[in-house]
Amino acid sequence: MKSSRWAVAAVFLGMVTPSLAQESAKTLLHPLFQDHAVLQRDQPLPVWGDADPGAAVAVTFAGHTVTARAAADGHWRATLPATAAGGPYSLTVRAGQVTQVARDLLIGDVWLCSGQSNMELPVRRALDADSEISSATHPDIRLFTVPKAAAVTPQQGFAGPVSWQAASPDSVRDFSAACFYFARELRKTVNVPMGLIQSAWGGSRIEAWSSADALRAQGGMDEALDVLALHAHDPAAANARWGQIWQQWWTQREGATPGDVPWQPDASHTGWHAAPAPLGAWERWGVPALSSYNGMVWYRSQVTLTAAQAAQPATLELGPVDETDVTWVNGVAVGSQYAPGEARRYRLPAGALKAGTNQVVINVLDTYGDGGLAGPASAHAVRLDDGTRVVLDAPWQYRMAPGAQAPPPAPWQAATGLSTLYNGMISPLGTFGLRGILWYQGESNTGDGAAYADRLRGLRADWRTRFGTDLPLLIVQLAGYGRPPASPVESGWAQVREAQRQVAADDPHSGLAVTIDIGDAYDIHPPNKQELGRRLATLSRHVVYAERAGAASGPVPRNVSRTPDGLRIRFDDVTGRLATTGAKGPIGFELCDADVRQCRYADAVLDGDDVVLRSDGVAPDSSPHHGSARVRYCWADGPVCTLGDSSGLPAGPFELPLEEAGRP
């Protein structure tokens, strides 16, 4: 498994077919409702499952019985009355002669914990793991892990077996550390059973977690979403169409050479070189230009077939690829995956092959570490449906594509596609009752951080449509990662943090957990998930449980105003007084010019609940100061920033325009 600062590579588990999802749902009760489950207190309880079409279904729970009738497709749904925290209970469902009973159910608060690898990171990889695991016996905290699955259409069932488990040394070991530590801390003041649902995938982009309808509403993705919809019933046509879109990107990208079409059989031979055999990571080929190269490389080979062979249905088999490929046969795109280290199997469309020479071209994009197409010559072949396997019979050639920007990912790719994880890992949860959502994601979107606020607002509205209006969303702001800069820089990480701050601030049922101070400059997965859990629990007490004592987080910026003594930043939610660490005045503030987007560090002093900025000792009324239109704080991938308050909690990163009069 490999990781990068932009995306943590995840094991590619493939697309979920409808038959797989249906197979997991062929029980009277949906798999969510089984022994040891936790159901949401104080709200009506939806329950559903499958029975014979038209069957009468009786559901009994906590002294109440409700009835339903299975629809023509066998699905049934009933709603039980709201129940206070407590248990254990049994849930009994009868349909004709069939009865199913789920035992040891508790009523409490249920939390959905979702995002990418920092949410997925298990207790065994977090700080002080051995001690934490050995003491992790909490029978009233129940754990449920959604199997990893990507799908091109919404699924009703899970891709594999699932279970609810009481928290124990065995069950917490591989469960989300952030999610578990949050619930453990929260129960100190909210003493009810806690149900934790982990649905996370390392390296995933936020677009993969939103429904197709929600993404269409955001705009700009219709073409890719149309291809995704086509893939559901005609994958070959979708691959070919996506190839055309990708090819258009290639020919129109910055720096493109007119007429450069490497995927075509008659493409120019200029720039192509013999690749070593067997293939492997290009960093190990002994080619100086490739020794530390992260980027794009083209490969090509060919296979010779008889007319009878070419007429057969067939599959192209390729060895492992790191990380992302787009593959063509005779100039027609046949597949694309983001699946680091995984072999490829692409079903070829009718007419793709011909008698004689057939050219295979692969574009490989690698962003970190060892990249390329791997495997011996025998790993790359055309497998005919009669069982014959014809190995590619021409030596591989390669061609670098230095400086090429990252291409658009195919919309069906698991972690980086559109709606794929929503379809495979959120849709199967149906309308299960929740108390709130913990969201820790964004590292994989730092390459286009300016779009993140719209994406996050869209996801929040989308999931509330499914799970309930005004459902609380607790957002983990990205932790610091990377070496501090020597001068002000633009930062995709800072853009995502600012988007997270704005989205949390514009909704009373959302909150932001600041983690800038508990990151790790050298590890994209900061191990101190205990402190993260404490901060999320504190945040939830304010946002979800309406506690008024203390602050929900550290100091929160209110506005920036121009005063005779400098630019004055007013903070709210200050516990005690503003404080700094490691220096007399706070570090990490910048003054920025809105027109040319130039920024410079600013000296800062504390004044009550305010911070006053001056630029390089220049008087407040001089032109450099008056040119400042924005103030930034902690604006870098891994910044140095020292402002907090008496509680020990930090002020989070932010950007504010000078004219802002209130919170964003």
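**Exercise 1.** Which residues does Glu655 touch, not counting residues up to four places away in sequence?

*Solution.* This is a predicted model: local features need pLDDT of at least 70, side-chain atom pairs count only at pLDDT 80 or more, and totals for chains, interfaces and linings use all residues. Residues are numbered from 1 along each chain as its sequence is written, and side-chain values use heavy atoms, with hydrogens and water left out.

Step 1. Apply the contact cut-off: heavy atoms within 4.5 Å.
Step 2. Read off the partners: Glu498, Arg501, Arg597, Arg630, Val631, Arg632 and Trp635.

**Exercise 2.** Place Glu655 and describe its link to Arg630.

*Solution.*
Step 1. Glu655 lies in strand S34, residues 654-657. Strands are DSSP runs (E, at least two residues), numbered from the N terminus.
Step 2. Glu655 has a relative accessible area of 18%. Buried means under 20% (1.4 Å probe, protein chains only), so Glu655 counts as buried.
Step 3. Arg630 is 25 residues away in sequence, yet the C-alpha to C-alpha separation from Glu655 is 6.9 Å.
Step 4. The two side chains, of Glu655 and Arg630, make a polar contact at 2.7 Å. The term requires a pair of N or O atoms within 3.5 Å; within protein, one must be able to donate a hydrogen and the other to accept it, and residues adjacent in sequence count only if both atoms are side-chain atoms.

**Exercise 3.** Which strand is joined to S13 by 5 bridges?

*Solution.*
Step 1. Pairing needs at least two DSSP bridges between two strands.
Step 2. S16 (residues 342-347) has the 5 bridges to S13 and runs antiparallel to S13.
Step 3. Leu316 has Tyr346 as its bridge partner in S16, and Val382 in S19.

Methods. Helix = DSSP H or I, 4+ residues; strand = E, 2+ residues; numbered from the N terminus. Buried < 20%, exposed > 50% of the residue type's maximum accessible area, 1.4 Å probe, protein only.
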